[in-house]
Amino acid sequence: MKFATRAIHVGQEADEATGATIVPIYQTSTYTQDAVGSHKGFDYSRTVNPTRVALEAQLASLENAQHGSAFASGMAATAAVLNTLAMGDHVVVTDDLYGGTYRLFSRVLTRYGLEFTYVDMADLAAVRAAIRPNTKMFWIETPTNPLLKLIDIAAICSLRTAGQIVVVDNTFASPYFQSPLALGADIVVHSTTKYIGGHSDVIGGVAITSNDDLHESIKFHQNAVGGVPSPHDAWLTMRGAKTLALRMRQHAENAQRIAEFLEAHAEVERVFYPGLPSHPQHALAKRQMSGFAGMVSFTLRGPMERALTFAPKLQYFSLAESLGGVESLICHPARMTHGSIPKEDRERRGVTDGLLRLSVGIEDADDLIADLTSALESL
Ligand SMILES: *Cc1c(COP(=O)(O)O)cnc(C)c1O
């Protein structure tokens, strides 16, 4: 079965009790047993719920994997994966990390005795130098936010030795354009809030693996810690995921056109998009991804304040955090998503006050480009 077919059919069998074609929202916390201990495989909805089971099968299939565990948010999925480690374990992490993940690692998990080293993972020598005897995990995000730098997943996997695992946060690429497990990773994490859900109406996360032992450990922590999605949220995510292939093709087509448009515009200083030949890692992007998704960042010429006045001029790009929905968004990373990082740190990483980030939606690209054109002209 190919990707678009799996998205619509895996886990989506007609309901056994009623024949309902669409998996029902099993809005129940508990299940009636015939006799003590005799039930249909469902006992309590934190542990297992049929709507969530359907979503987990669907999302695992999108990464061509054996197992998925769904969570109430991307952060809950990330936390469950980190829960599989023990006090004293060490993690090598991408330095250009999603802010919420950095906060979880640096302000929560260090208090439980986990150790983290942040390195520029594009530099393999730096990654090698960061490895310690107690290193148990590599944590990769690619493309990164908001500069859309790439990390070579297969190259990082080649540094892994026995007892170490590689985890990839695949949120920005989506499973449609990047398959980390096929490149050698052990676990994939998604914030399903973004492309997978795709409609900016539900928070969720998933951890996916084909390794039985890792799956068992994640499942144990999913139940023991309890960060599970509601049946209704699981259902919304599942509905969104059915159209992932269609949406991703349109996100990528629109983003490519917009990136090319911006790069050619006199008011624009620099564009960051892996699908542009000017992207320093365009060759790696073509090797590692089958498309470049919908995130485009850019800087305007002239004083940095122009970035602040530009964003509200747009009609179709809402000024908002988050990404991956059908509607286009614009954000000012230095003041919004990355506002909690000290200015000096932020600028060293290239997240300057003049940087703008677009989540290109699936509206008609002509309308989006006309919108950008008039906002640029009015600067
Ligand atoms: C949004 C996001 C997360 C966190 O997911 P939530 O669903 O907001 O908890 C993690 N990683 C990346 C790359 C994200 O964009």
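Where is Ala-293 found? In this predicted model, Ala-293 sits in the loop between α11 (282-288) and β9 (295-300). The backbone there does something a bit unusual for a residue with a side chain: phi of Ala-293 is near 60 degrees, a positive value in a residue other than glycine. Ala-293 is also tucked away from the surface, as its relative accessible area is 1% and it therefore counts as buried.

Ser-174 tells a similar story from a helix. Its place is in helix α7, which covers residues 174-177. Here too phi is positive, at about 75 degrees, although the residue is not a glycine. Ser-174 is buried because its relative accessible area is 0%, well, under the 20% that marks the buried class.

Two cis peptide bonds turn up as well, and both involve prolines of one loop. The bond joining Thr-142 and Pro-143 is cis, with omega at about -5 degrees. Pro-143 belongs to the loop between β4 (135-141) and α6 (153-159). The peptide bond running from Asn-145 to Pro-146 is cis too, and omega is near 0 degrees in that case. Pro-146 likewise has its place in the loop between β4 and α6.

Next comes the ligand. A set of 14 residues surrounds the ligand, and the closest are Gly-74, Asp-169, Ser-191, Thr-193 and Lys-194. Several polar atoms of the protein come up to ligand oxygens. From the backbone side, a polar atom of Met-75 lies 2.9 Å from an oxygen atom of the ligand. From the side chains, a polar atom of Ser-191 is 2.8 Å from a ligand oxygen, and an N or O atom in the side chain of Lys-194 is 2.8 Å from an oxygen atom of the ligand.

Thr-193, one of the closest residues to the ligand, deserves a look of its own. Thr-193 is in the loop between β6 (187-191) and β7 (205-209). With a relative accessibility of 12%, Thr-193 falls under the 20% cut-off and so counts as buried. A polar atom of the Thr-193 side chain lies 3.0 Å from the backbone nitrogen of Gly-204. Once neighbours within four places in sequence are set aside, the contacts of Thr-193 are Gly-198, Val-202, Ile-203, Gly-204 and Leu-323.

Gly-74 and Met-75 lead into the helix packing. Helix α3 spans residues 74-83 and packs with helix α4 (residues 99-108) at an angle of about 40 degrees, the two axes being 10 Å apart. The crossing of these two helices is right-handed. On the α3 side, the contact is made by Met-75, Thr-78, Ala-79 and Leu-82, while α4 brings in Gly-100, Thr-101, Leu-104 and Phe-105. Sorted by character, the residues of this contact come out as five nonpolar, three polar and no charged. Helix α3 is mostly covered, with seven of its ten residues buried. Those buried residues are Gly-74, Ala-76, Ala-77, Thr-78, Ala-80, Val-81 and Leu-82. Thr-78 and Leu-82 thus appear both among the buried residues of α3 and in the contact with α4.

The last stop is the loop between β11 (329-331) and α13 (343-348), where Thr-337 is found. Thr-337 is partly exposed, because its relative accessible area is 22%. Its side chain makes a polar contact with the side chain of His-338, at 2.8 Å. Leaving out neighbours within four places in sequence, Thr-337 is in contact with Glu-321, Cys-331, His-332 and Arg-357. Thr-337 and Ala-129 are 208 residues apart along the chain, and their C-alpha atoms are separated by 30 Å.

Met-336 is found in the loop between β11 and α13 as well. Like Thr-337, Met-336 is partly exposed, here with a relative accessible area of 23%. Not counting residues up to four places away in sequence, Met-336 touches Leu-319, Ala-320, Glu-321 and Cys-331. Glu-321 and Cys-331 are thus contacts of Met-336 and of Thr-337. Met-336 and Tyr-98 are 238 residues apart in sequence, and the C-alpha to C-alpha separation is 13 Å.

Technical notes:
Residues are numbered from 1 along each chain as its sequence is written. This is a predicted model: local features need pLDDT of at least 70, side-chain atom pairs count only at pLDDT 80 or more; totals for chains, interfaces and linings use all residues. Side-chain values use heavy atoms; hydrogens and water are left out. Axes are lines fitted to C-alpha atoms, for helices over the stretch in contact, and angles run from 0 to 180 degrees between N-to-C directions. Helices (H or I, at least four residues) and strands (E, at least two) are DSSP runs, numbered from the N terminus. A crossing is left-handed if the near helix is turned anticlockwise from the far one by less than a right angle, and right-handed if clockwise. Contact means heavy atoms within 4.5 Å. Ala, Val, Leu, Ile, Met, Phe, Trp, Tyr, Cys and Pro count as nonpolar, Asp, Glu, Lys and Arg as charged, and the others, Gly among them, as polar. Buried means under 20% relative accessible area, exposed over 50%, partly exposed in between (1.4 Å probe, protein chains only). A polar contact is a pair of N or O atoms within 3.5 Å; within protein, one must be able to donate a hydrogen and the other to accept it, and residues adjacent in sequence count only if both atoms are side-chain atoms. A residue is near a molecule or strand if one of its heavy atoms lies within 4 Å of it.
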